[in-house]
Amino acid sequence: LSPVCLGSLRRAASINAEYMGAYKNATNSQESFRISATGTIPNLDAHHRIVKKLKLQGVPYEIHKNTCFIKGMFSSKLEVAKFLGAKIRTVSKIRGTIKAPSGDGGSFRATMEDKAKMSDIVFLNTWTEVKPETFYNPICSLLYENKENFLSMKNSATLKKQRGWSKPAKTDSEYGQPIVRGVRKFAKLRIPRAIQGSLPYKSKPKQEAAKSKRQKERERKRAIVMSKEEKQVKLLLQELGTLKNFRKARDRELKLKALAKKAKIDAPIQAARLAKAREKEKVPTAWPLV
């Protein structure tokens, strides 16, 4: 935001009119006025409020579906009561609304559009009122005929230049301590059994026994560095194994197709044989009298 100040004018001015502030120092060899400020007149009301942006942030400490409990944004229940119904949002763009205070430390309950995460930071964009300092210092000494002996008040820039002072640092404008975040530990990926069956063997989870510290150290020390000829031999063996597996899979597929074709041809013959066998095995229900 651009700086805003209050001032009084001798004549009436219109809104959005340009203004320019200038001064002249009579104690040195300054010949003309020097421009000190320029701007635009946004309003002619002397009682309007001047505000600036304020961003408050907090962190969630308890989450239940779309309900979230947030702390660190306010310091008391009274502050929470002033912002009931205010809109909040998280770093992941999940919006919410402040509902009611919870506890005595300024924590509150909020309703979110979606389930938030414990690692999210919640922001509240608001405004705070700024009261500019009033100052009025009329100087009538410049009306005298002899202006050489007149000593005017020096501004801060002149005093800093003469005495070698540095610009005072504003504590509220300084950056705080660097935020040190811990390393996040994500849970292991759990694949449902219904999906494991359709995965290739390479992607299926393996049941491997945990290796001891001594085994890991032994494997680390016995690292084998192959020469160029050994790499070529290994690559050749891998290619031969891949070709062998391809041929075996192809032969298996051809064999299954041949068996299916033979079964289709032999199906009527087998059905006739089965019917003839059943006719022979038939036993009469009643024997004739002799």
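These notes cover a predicted model, taking a long helix, its surface patch and two buried residues in turn.

1. Basis. Residues are numbered from 1 along each chain as its sequence is written, and side-chain values use heavy atoms, with hydrogens and water left out. The model is predicted, so local features need pLDDT of at least 70 and side-chain atom pairs count only at pLDDT 80 or more, while totals for chains, interfaces and linings use all residues.

2. Helix α5. This helix covers residues 228-280 (helices are DSSP runs of H or I, at least four residues; strands are runs of E, at least two). Its 53 residues should span 78 Å at 1.5 Å a residue (1.5 Å times one less than the number of residues). The end C-alpha atoms are 75 Å apart, which agrees.

3. Kink. α5 bends by about 45° at Asp266, shortly before Pro268. The bend is the angle between axes fitted to the seven residues ending there and the seven starting there.

4. Leu240. Leu240 sits in α5. Its relative accessible area is 49%, so it is partly exposed (buried is under 20%, exposed over 50%, partly exposed in between; 1.4 Å probe, protein chains only).

5. Thr126. This residue lies in strand β8, residues 122-130. Thr126 counts as buried because its relative accessibility is 14%. Beyond four places in sequence, its contacts (heavy atoms within 4.5 Å) are Lys52, Lys53, Leu54, Leu56 and Phe83.

6. Ser107. The loop between β6 (95-101) and β7 (108-112) holds Ser107. At 10% relative accessible area, Ser107 is buried. Not counting residues up to four places away in sequence, Ser107 touches Tyr61, Ile70, Lys71, Val80, Pro101 and Ser102.

Conventions: Patch = residues over 30% accessible without salt bridge, like charges linked within 9 Å, V, L, I, M, F, W, Y side chains within 5 Å. Areas by Shrake-Rupley, 256 points an atom, 1.4 Å probe, with all protein chains shown as cover. Salt bridge = Lys/Arg side-chain N within 4 Å of Asp/Glu carboxyl O.
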